[in-house]
Amino acid sequence: MNTDTLHGRRQEGRAIHKGGRGRLIGRTKGGMNTKLHAICDSQGRPLNLFVTAGQVSDYIGARALCDSLPDVDWLLGDRGYDADWFREALQDKGIRACIPGRKQRKTSVKYDKRRYKRRNRIEIMFGRLKDWRRVATRYDRCPKVFLSAIALAAIVIYWL
C-alpha cells in the first residue's frame, strides 16, 4: 500500500524521501558531519570516492568500495576498517591488509608498522581536498553535487 506523506512517499513501511539517499549529513560528537571514503594509489592520488553520513560506520564505506578495489598487493587502512569480514574479502582478492586492530579487539592483529606509516599520504590527500573551501564547509545540500565538487577538486589537484 503506497501513501503520500508530507515529507516523501512511504513504500512498504519505509520513507522514501525526494532525492534518493537524503543529504548524507549525520550527527556526530563534533556536530553535523559527512564522511568521505577514498581509495588512493601509492602516491596518494584518489582513484575512487564514496560519501556517507557522519554517524555511519566505516564498514559501510568499506563494503561499498570493496568491489572497486584495484589489483594491488597491499591495502592501508585505519582502525575504523578493522573487521574480520573485510580482511577475509581482501585476502580472497589476494590483497594483504595493513590495518591495525581496534582497541576493543580481544586478539591483537599483526600489521606492518613501517608500511602503515605511509598512510600519511592519504591524510595529506584529505587535507589538500579540504583546502578547497566548498569541500571543507560543505555548501551543497545534495550529496551528488557535494561528491561532484570533491571529484572536481581531486581532478584539479592531482590529475591536471
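**Entry 1: a salt bridge to begin with**

I started with Asp58, which forms a salt bridge with Lys35, the closest N and O atoms being 3.1 Å apart. I then looked up where the two partners sit: Asp58 belongs to helix α1 (residues 58–66) and Lys35 to strand β5 (residues 31–40), so this pair ties together parts that are 23 residues apart in sequence. Is Asp58 buried or exposed? My note says buried, at 15% relative accessibility. Lys35 counts as partly exposed, at 24%. A reminder to myself before going on: this is a predicted model, and every value in these entries is computed from it.

**Entry 2: the chain as a whole**

I stepped back for an overview. The chain has 160 residues, and 34% of them count as buried. I found 6 helices and 8 strands. Reading from the N terminus, I wrote down the order of elements as β-β-β-β-β-β-α-β-α-β-α-α-α-α.

**Entry 3: Arg105 and its partners**

Back to charges, with a plain thought first: side chains of opposite charge can pair when their charged atoms come close. How many salt bridges are there? I noted a count of 8.

Arg105 caught my eye next. Arg105 forms a salt bridge with Asp82, and the closest N and O atoms are 2.9 Å apart. Arg105 lies in the loop between β8 (96–98) and α3 (113–116), while Asp82 lies in the loop between β7 (74–76) and α2 (84–92), so the pair ties together parts that are 23 residues apart in sequence. I checked the cover on both: Arg105 is partly exposed, with a relative accessible area of 22%, and Asp82 is buried, with a value of 3%.

Arg105 also forms a salt bridge with Asp84, again with 2.9 Å between the closest N and O atoms. Here the loop between β8 and α3 meets helix α2, where Asp84 lies, so this pair ties together parts that are 21 residues apart in sequence. Asp84 is partly exposed, with a relative accessible area of 46%. Which residues do the shared partners join into one network? I wrote down Asp82, Asp84, Arg87 and Arg105.

**Entry 4: helix α4 and the core**

I turned to helix α4 (residues 120–129) and listed Ile122, Met125, Phe126 and Leu129 as buried. Looking down the axis of α4, I saw that its buried residues fall within an arc of 95°, so they line one face of the helix.

Then I looked up the largest nonpolar core, which has 15 residues. The members that touch the most others are Val51, Ile122, Met125, Leu129 and Ile150. Which elements give two or more residues to this core? They are β6, α4 and α6. The largest share, 6 residues, comes from α6.

**Entry 5: a nonpolar patch on the surface**

Next I went to the outside. I found a nonpolar patch made of Leu47, Trp132, Leu152, Ile155, Val156, Trp159 and Leu160, with about 700 Å² of accessible area together. Which element gives the largest share of this patch? It is α6, with 4 residues. I pinned α6 here as well as in the core entry, since I had already noted α6 as the source of 6 core residues.

I also followed up Leu47, a patch member that sits in strand β6 (residues 46–53). Leu47 counts as partly exposed, at 47% relative accessibility. Strand β6 had come up before, among the elements that give two or more residues to the core.

**Entry 6: Arg138 and the cysteines**

Two odds and ends to close the page. Where does Arg138 sit? I placed Arg138 in the loop between α5 (133–137) and α6 (143–159). The phi of Arg138 is near 55°, a positive value in a residue other than glycine. I checked the surroundings too, and Arg138 is buried, with a relative accessible area of 13%.

For the cysteines, I looked for disulfides and noted 0 in the structure. Cys40 is buried at 19% relative accessible area, with 20% as the upper limit for that class. Cys142 is partly exposed, with a value of 34%.

Conventions. Residues are numbered from 1 along each chain as its sequence is written. This is a predicted model: local features need pLDDT of at least 70, side-chain atom pairs count only at pLDDT 80 or more; totals for chains, interfaces and linings use all residues. Side-chain values use heavy atoms; hydrogens and water are left out. A disulfide is a pair of cysteine sulfur atoms within 2.5 Å. Buried means under 20% relative accessible area, exposed over 50%, partly exposed in between (1.4 Å probe, protein chains only). Patches are made of residues with over 30% relative accessible area and no salt bridge: like charges are joined within 9 Å, nonpolar side chains (Val, Leu, Ile, Met, Phe, Trp, Tyr) within 5 Å. Accessible areas come from the Shrake-Rupley method with a 1.4 Å probe; for residues, only the protein chains shown count as cover. A salt bridge is a side-chain nitrogen of Lys or Arg within 4 Å of a carboxyl oxygen of Asp or Glu. The arc is that of the directions from the helix axis to the C-beta atoms. A nonpolar core is a set of buried Ala, Val, Leu, Ile, Met, Phe, Trp, Tyr and Cys residues joined through side-chain atoms within 4.5 Å.
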